[in-house]
Amino acid sequence: MSGIVVESPRSPGDSGGRLAPQYQRSKGKGGNFEMLAWLFMRLSGVVLIVLVFGHLFVNLMVGDGVHAVDFGFVAGKWASPFWQVWDLAMLWLALLHGTNGVRTIINDYAERNATRLTLKTVLYIASGTMIVLGTLVIFTFDPCPVIDGVSTVSSFCPAP
């Protein structure tokens, strides 16, 4: 072994366990947003696992499986407020989870402040647009449409 000595970030001659001033943590002025964002990623990931696997199980395993997934299947599911809320929670959590992940990547890799601001602005606008449009689709979806004056009555639609 050669005599390589690696200096620790301790104050010179200090054996009391204190860090040199340049290595000491200071109280951040930004609050605890990053810690809450980190916690959100973990909790939303767990909830998303339940929501996604429940969604896949109902859509692919129950009934005729993937061959039964069509407009009528979706219309029948979304006729129930339970499935509307389930899919809405899955949509919102997935988009917010993904947005937070991309925000973290932008913070890690965008070196210039202007680039970081531009990328995050585009990210937030795109995510907000997708959340609004997805929510509108779920809650304004008409499972019993009338096309050219003809009612497309399905088993779950009230009789005209």
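User: In this predicted model, where is valine 69 found?
Analyst: Helix 2 covers residues 71-78. Valine 69 sits in the loop between helix 1 and helix 2.

User: Is valine 69 buried, partly exposed or exposed?
Analyst: The partly exposed class lies between the 20% and 50% cut-offs. Valine 69 has a relative accessibility of 38%, so this residue counts as partly exposed.

User: How much accessible area does the nonpolar surface patch with Val69 have together?
Analyst: The patch includes Ile49, Val52, Phe53 and Leu56. Phe57, Leu60, Met61, Val62 and Val66 also belong, along with Val69. Together, the accessible area of the patch is about 920 Å².

User: Which elements make up the chain, and in what order do they run?
Analyst: There are four helices and two strands. Read from the N terminus, the order is α-α-α-α-β-β.

User: Which residues form the largest nonpolar core?
Analyst: This core has ten residues. Three of them are tryptophans: Trp78, Trp83 and Trp86. The others are Leu48, Leu51, Val58, Leu88, Met90, Leu93 and Ile138.

User: Which helix gives the most to this core?
Analyst: Helix 1 (33-60) and helix 3 (81-109) each supply at least two of the core residues. The top contribution is five residues, and it comes from helix 3.

User: Which residues does tryptophan 86 contact, leaving aside its neighbours within four places in sequence?
Analyst: Trp86 is a member of the largest nonpolar core, and so is Leu51. Beyond its sequence neighbours, tryptophan 86 is in contact with Val50, Leu51, Gly54 and His55.

User: Which side chains meet in a salt bridge?
Analyst: The whole structure holds one salt bridge. Its N to O distance is 2.9 Å. The partners are glutamate 34 and arginine 103.

User: How many residues apart in sequence are the parts that this pair ties together?
Analyst: Glutamate 34 belongs to helix 1 and arginine 103 to helix 3. The pair therefore ties together parts separated in sequence by 69 residues.

User: Which partner of the salt bridge is buried, glutamate 34 or arginine 103?
Analyst: Buried means under 20% relative accessible area. Glutamate 34 is at 47%, so it counts as partly exposed. With a relative accessible area of 5%, the buried residue is arginine 103.

User: What share of the chain's residues counts as buried?
Analyst: The chain exposes about 12,000 Å², with carbon and sulfur atoms supplying 68% of that area. The chain has 160 residues, and the share that counts as buried is 24%.

Note on methods:
Residues numbered from 1 in each chain as written. Predicted model: local features only at pLDDT ≥ 70, side-chain atom pairs only at ≥ 80, totals over all residues. Heavy atoms only, no water. Core = buried A, V, L, I, M, F, W, Y, C linked by side-chain atoms within 4.5 Å. Buried < 20%, exposed > 50% of the residue type's maximum accessible area, 1.4 Å probe, protein only. Contact = heavy atoms within 4.5 Å. Patch = residues over 30% accessible without salt bridge, like charges linked within 9 Å, V, L, I, M, F, W, Y side chains within 5 Å. Areas by Shrake-Rupley, 256 points an atom, 1.4 Å probe, with all protein chains shown as cover. Salt bridge = Lys/Arg side-chain N within 4 Å of Asp/Glu carboxyl O.
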